[in-house]
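Hi,

Here is the structure I promised to pass on to you. Have a look at it first, and then read my notes underneath.

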Amino acid sequence: MLSLTLTRRIARPQLAARLPTLARWYSAGQPSFSTDGERVIYEKLTEKFKPAELHVEDVSGGCGTFYQIIISSEEFKGLPLVKQQRLVNQTLKEEIQGIHGLQLKTMAPK
């Protein structure tokens, strides 16, 4: 049930408002981080983009080799998706060198 709910939120964020709040990226307050890598990425992206929504998760089981990032920022307004993702990749250039995979979803707030 939980994985289906999370999949729906990732695939169709507009449904997130109708689903119960289960994931940390929709919770208020300081997020909790499973790994130092999550914290570093979160802090860098927050500093650079001042996001309206940000979710950083180590989906490699805690070893820091694969991350999922969902970010919504005013900085992305009017930019094509490829340009948005390049901006994030440039910001995380050092971190990306040490990982094997990155799932990245960028968007401008509505």
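Confidence first, since this is a predicted model. Helix α1 (residues 2-11) has the lowest confidence in the protein chain, with a mean pLDDT of 50, while α3 has the highest, at 97. Watch out for residues 15-29 too: the pLDDT there is below 50, although the stretch has 28 contacts in the model beyond near neighbours in sequence. Where pLDDT is low, the predicted coordinates should not be read in detail. Averaged over the protein chain, the pLDDT is 81, and 73% of the residues score at least 70.

Now the sheet. It's an open one with 3 strands in the order β1-β2-β3, and the pairing is mixed. β1 and β3 are the edge strands, so each pairs on one side only. On average, neighbouring strands are turned by 5° against each other, if you ignore direction. β1 and β2 run antiparallel and pair over 6 bridges; if you want a spot to click on, D58 stands opposite Y67 in β2.

Two helices to look at here: α2 packs on the sheet, touching β1 and β2, and its direction makes about 160° with that of β1. α3 also packs on the sheet, but touches β2 and β3, with its direction at about 125° to that of β3.

α2 is a nice one to practise on. Its 14 residues should span 20 Å at 1.5 Å a residue, and the end C-alpha atoms are indeed 20 Å apart. Which residues of α2 are buried? They are E38, I41, L45 and F49. These cover an arc of only 75° around the axis, which means they sit on the same side of α2. D36 and E47, on the other side, are exposed. The cover over the buried residues includes β1, β2 (66-72), α3 (81-91) and α4 (93-97).

Right after α2 comes K50, in the loop between α2 (36-49) and β1 (53-58). Its phi is near 45°, a positive value in a residue other than glycine. K50 counts as exposed because its relative accessibility is 61%.

Last stop: M107, in strand β3 (residues 101-107). Leaving aside neighbours within four places in sequence, M107 is in contact with I70, I71, S72, S73, F76 and Q84. M107 and L81 are 26 residues apart along the chain, yet their C-alpha atoms are separated by 7.6 Å.

Have fun with it!

Notes:
Residues are numbered from 1 along each chain as its sequence is written. This is a predicted model: local features need pLDDT of at least 70, side-chain atom pairs count only at pLDDT 80 or more; totals for chains, interfaces and linings use all residues. Side-chain values use heavy atoms; hydrogens and water are left out. Helices (H or I, at least four residues) and strands (E, at least two) are DSSP runs, numbered from the N terminus. Buried means under 20% relative accessible area, exposed over 50%, partly exposed in between (1.4 Å probe, protein chains only). The expected span of a helix is 1.5 Å times one less than its number of residues. The arc is that of the directions from the helix axis to the C-beta atoms. Contact means heavy atoms within 4.5 Å. pLDDT is the predictor's confidence in each residue, from 0 to 100. Two strands pair if DSSP finds at least two bridges between them. Axes are lines fitted to C-alpha atoms, for helices over the stretch in contact, and angles run from 0 to 180 degrees between N-to-C directions.
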